[in-house]
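Me: I want to learn how to read a chain interface. Can you take me through one?

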2 protein chains.
Amino acid sequence: VSDSPGVRRIGQVVGLRPEKRAEYLRLHAEVWPEVEAALRRANIRNYTIFLHGDLLFAYFEHTGDDLDADLAAVAADPVTREWWTHTEPCQRRLTDGAGGPWTDLTEVWHLD
Amino acid sequence: VSDSPGVRRIGQVVGLRPEKRAEYLRLHAEVWPEVEAALRRANIRNYTIFLHGDLLFAYFEHTGDDLDADLAAVAADPVTREWWTHTEPCQRRLTDGAGGPWTDLTEVWHLD
């Protein structure tokens, strides 16, 4: 359950390029099974992406002990890398920083 | 668990008035117990609010059979109504519409 010890909640945001909106939605209507499998292997679950205008908001939970290592494993997965060649042109990074295009959000409050 | 039948995921967004940012954060560092109790009675769980600049992004799950009725019960709770007299001046509605200041988001994709 969501209030288990060791569960970390992550919120993220990224811009959606308006001219790529239809393509992004089409891709996410049928995410490649290997991409989903790589996320599951990385102890990621309950992952939802929402749309608000030209912004995408993501929420997911990590149940492992080493989020950085798990995310690195996702980023090393060949099928995920191929998937990202389709999704990244749809996205616009909102802040400077290392890592992928998504920006991590600050948690203000949580109720289990 | 999150993939139980009958669990509905809700994503929402609202603006945060920059001059009220500190007050909003202070309020949410210690949300009134009665407010949290009213949410739990309304079958709402795993509720997180994130901050991104002048936007607040909320994620929560509803496990009951009638979300509208449960939200109406929250809105009728006297302590919650008092709480909202503190929080609503901090918020800026982003879209027209009925109901509270928060705008419901469209779900693009979900992985259990």
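What follows is a short dialogue on the interface, its strands and its salt bridges.

Me: What are the ground rules?
Reply: This is a predicted model, where local features need pLDDT of at least 70, side-chain atom pairs count only at pLDDT 80 or more, and totals for chains, interfaces and linings use all residues. Residues are numbered from 1 along each chain as its sequence is written, chains are lettered from A and ligands numbered from 1 in written order, and side-chain values use heavy atoms, without hydrogens and water.

Me: What is the mean pLDDT of chain A?
Reply: pLDDT is the predictor's confidence in each residue, from 0 to 100. Where pLDDT is low, the predicted coordinates should not be read in detail. For chain A the mean is 94, and 96% of its residues reach 70 or more. For the complex, the predictor gives an ipTM of 0.92 and a pTM of 0.93.

Me: How many residues of chain B are in contact with chain A?
Reply: Contact means heavy atoms within 4.5 Å. Here 35 residues of chain B touch 36 residues of chain A.

Me: What area is buried between chain B and chain A?
Reply: Buried area is the accessible area (1.4 Å probe) that two parts lose on being put together, summed over both. Here that is about 3300 Å², with 68% from carbon and sulfur atoms. B:Val108, B:Trp109 and B:Leu111 supply 24% of the area that chain B buries against chain A, more than any other three residues.

Me: Which strands join across the chains?
Reply: Strands (E, at least two residues) are DSSP runs, numbered from the N terminus. Two strands pair if DSSP finds at least two bridges between them. Strand S2 (residues 44–52) of chain A and S6(B) run antiparallel, joined by 5 bridges. In this region, A:Thr48 stands opposite B:His110 in S6(B).

Me: How many salt bridges are there between chain B and chain A?
Reply: A salt bridge is a side-chain nitrogen of Lys or Arg within 4 Å of a carboxyl oxygen of Asp or Glu. Between chain B and chain A the count is 0. Over all chains, the structure holds 8. One of them links A:Glu107 with A:Arg9, whose closest N and O atoms are 2.9 Å apart. A:Glu107 lies in strand S6 (residues 106–111) of chain A and A:Arg9 in strand S1 (residues 8–16) of chain A, so the pair ties together parts 98 residues apart in sequence.

Notes:
Helices (H or I, at least four residues) and strands (E, at least two) are DSSP runs, numbered from the N terminus.
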